[in-house]
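Trainee: I should like to learn how to read the features of a structural model in an orderly way. May we take them one at a time?

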Amino acid sequence: MNLETDILIIGGGSAGSLAAIVAKEQNPDAKVLVIEKGEIHRSGSIAMGMDALNIVVQPGLSTPELYLNSARIATDGVLDYKPSYVMAERSYSILKRLEGWGIRFPKDEQDKYISLQVHAKGKFLLEMDSPDLKLVLAEKLKEAGVQVLNRTIITKLLESNGKVHGALGFNLRTGEFVACSAKAIILANGGCARFSLPNSGYLYGTFDYPGNAGDGYSLAYRAGAQLTGFEYTSCSPLIKDLNCPLLYITLTRGAKVINAFGEEIKLEYLSTQTMLKELREGRGPIFIKLSHLPEERIQEIERILFTTERPIQKRFWENRGIDFREELIELGITEYQLCGGHGLTGIVVNEKTETTLKGLFAAGDVACVPLQHLTGAFVFGEIAAENAVAYASKAQIKEIDKATIEAEKEQLFSILNDKESDGKISVKEFEYKVRRTISDYVVPPKNERKLLQALWWIPRFRKEMKNIQVNDYHELSRFKEIQFILDCAELSTHASIERKESRWGWFHYRTDYPEKDDKNWLIHVVLEYGKKSGEPITTLVPIKTKGD
Ligand SMILES: Cc1cc2nc3c(=O)[nH]c(=O)nc-3n(C[C@H](O)[C@H](O)[C@H](O)COP(=O)(O)OP(=O)(O)OC[C@H]3O[C@@H](n4cnc5c(N)ncnc54)[C@H](O)[C@@H]3O)c2cc1C
């Protein structure tokens, strides 16, 4: 299938959906196409709904400056001023847009939005009651006249002379090859949820949306864009064995965290570092305790946990025979991930979502605006659309030449095996092995020797991929995802070796450089594809403060 569009959006999750709707608002005549690996009604981190918009600056009640002070504490100073400022500044209008679409933000008796404190300073988290949020977005997108290609994975971005002009991929059910030329491209395809292995050993048992395997990072990297923050491999203490979120929902409503000895763990605001330390130092298991709360509070917590994000939780607790009125909720450590929404990782962008490649914009978890959460996905989805539409109005379509299409087709489809052959390994087993190795060598505690072990494994895995048995197009998409995961592992290892200090608590903790060193290392480690070496090149780039 050969396509031409004004704006191509890769990924129809939170940021991609908003970008598509806003692109049509900006220019109803523009051709806007979303290419989505899953099915747009349920794809991405939202899937159903969310219980809060984590960052909202309400005029008259808080300010972007206060948010920035808070975010600087939460990120150990690793954030550029302008993108985070712009996100905070535009957060309230996003809330109003969502309200206009029927999304409910509960209010108290004084008619004020219910806001909760999860940041070091200021109450920026606003309760949201929206089990249908993803359906609403999908519906708005349809009404706006956006074209959607579901079940299609993008495997390559096309770039020439520093400009991006198209993308290639295939339908993971039918195998239909897709080549799309575009005047402007918005990457909105999330972070890398499938990085290290979860304790359960289930490949898809991750906290974040498992369809995101670092595709966006790898696509941008191989097209020549700059990326940053890959040393910050983060994890969270969440519901053990299920990896579902609950900290913000319970702790903001009076829950306590207690350790194996029944002692309450005093938290420094809602930082997870204290809980992770408790587990590392052998005072686990740790638990969330609700039994001291009044019945109506427990019911409120149950209502949110069992409806909005993942209703499966209700069945999970029923099967375990656990009633929060009496029993404790055990927390376990999730897998490690790379993310611009909950973490500090992503494609380098400015406040206009421009990447370092012309014609390529990036929004949401794929972009590095640290800890931007859903607010960032929506705000930068809007901003990406505004700028991509303006860019596209002056750009020309560049036709994709036949040779490029044939080369990618050949490269992809030659991986398919038509019959099972001896000695081949399944895609699942191979992914397991890659991610187990990431768990062994790429995540904290780190040191140079350990990271070098990872660099020994990565090229070896790439060579061994020829031994994978790929039976159908779905498995072919998983094969491609392993390549994306390996790219992320390589980027993370290089960045971690480069940063010779420890920063962001446990998430980049090096036993050979255990101290934080603001004097030398309050700086970004930026990565770029080395055209000669085929390996990442790292450079150190100053953090942009208010004046820059
Ligand atoms: C469980 C959970 C709970 C959360 N709760 C909250 C909350 O309460 N409040 C809050 O503010 N934030 C919350 N967040 C964070 C927030 O949801 C995310 O930051 C945000 O949704 C990310 O949006 P996104 O568009 O960047 O990524 P996503 O919404 O994940 O979308 C990425 C899309 O790209 C598609 N894709 C990936 N690769 C490809 C490819 N190669 N080709 C085509 N398509 C591709 C995927 O299928 C997916 O649909 C939560 C996150 C999670 C995981």
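**Reading the model**

Mentor: In helix H9 (residues 312-320), Gln313, Phe316 and Trp317 are buried. Buried means under 20% relative accessible area, exposed over 50%, and partly exposed in between, with a 1.4 Å probe and protein chains only. Helices (H or I, at least four residues) and strands (E, at least two) are DSSP runs numbered from the N terminus. This is a predicted model, in which local features need pLDDT of at least 70 and side-chain atom pairs count only at pLDDT 80 or more, while totals for chains, interfaces and linings use all residues. Residues are numbered from 1 along each chain as its sequence is written, and side-chain values use heavy atoms, with hydrogens and water left out.

Trainee: Why do the buried residues of H9 line one face of the helix?

Mentor: An α-helix has 3.6 residues a turn, so residues three or four places apart point the same way. Seen down the axis of H9, the buried residues fall within an arc of 90 degrees, so they line one face; the arc is that of the directions from the helix axis to the C-beta atoms. On the other side of H9, Arg315, Glu318 and Asn319 are exposed.

Trainee: Which residues come nearest to the ligand?

Mentor: A residue is near a molecule or strand if one of its heavy atoms lies within 4 Å of it. Here 35 residues are around the ligand, and Ser14, Glu36, Ser45, Ala52 and Asp365 come nearest. By class, this shell has 12 nonpolar, 15 polar and eight charged residues. Ala, Val, Leu, Ile, Met, Phe, Trp, Tyr, Cys and Pro count as nonpolar, Asp, Glu, Lys and Arg as charged, and the others, Gly among them, as polar.

Trainee: Which polar atoms lie close to those of the ligand, and how much of the ligand does the protein bury?

Mentor: A polar side-chain atom of Ser45 lies 2.8 Å from a ligand oxygen atom. From the backbone, a polar atom of Lys37 is 3.0 Å from a ligand nitrogen atom, and one of Leu374 is 3.2 Å from a ligand oxygen atom. Taken alone, the ligand exposes 1000 Å², of which the protein buries 98%; accessible areas come from the Shrake-Rupley method with a 1.4 Å probe, and for residues only the protein chains shown count as cover.

Trainee: Where does the ligand lie with respect to the domains?

Mentor: Domain 1 (2-51 + 75-84 + 130-233 + 337-402) and domain 2 (238-333) both give residues to the shell, so the ligand lies between them. The domain bounds come from an automatic or database domain assignment. Helix H1 (14-26), strand E7 (152-160) and helix H10 (373-394) each supply at least two residues of the shell.

Trainee: How should one read unusual backbone angles?

Mentor: Most residues other than glycine have a negative phi, and most peptide bonds are trans. Here the bond from Gly284 to Pro285 is cis, with omega near 5 degrees, and Pro285 lies in the loop between helix H7 (273-280) and strand E13 (286-289). Another cis peptide bond joins Pro444 and Pro445, with omega about 0 degrees.

Trainee: Is Asn161, with its positive phi, buried or exposed?

Mentor: Phi of Asn161 is near 50 degrees, and at 83% relative accessibility this residue counts as exposed. Trp504 has phi near 60 degrees, but Trp504 is buried, with a relative accessible area of 8%.

Key:
A polar contact is a pair of N or O atoms within 3.5 Å; within protein, one must be able to donate a hydrogen and the other to accept it, and residues adjacent in sequence count only if both atoms are side-chain atoms.
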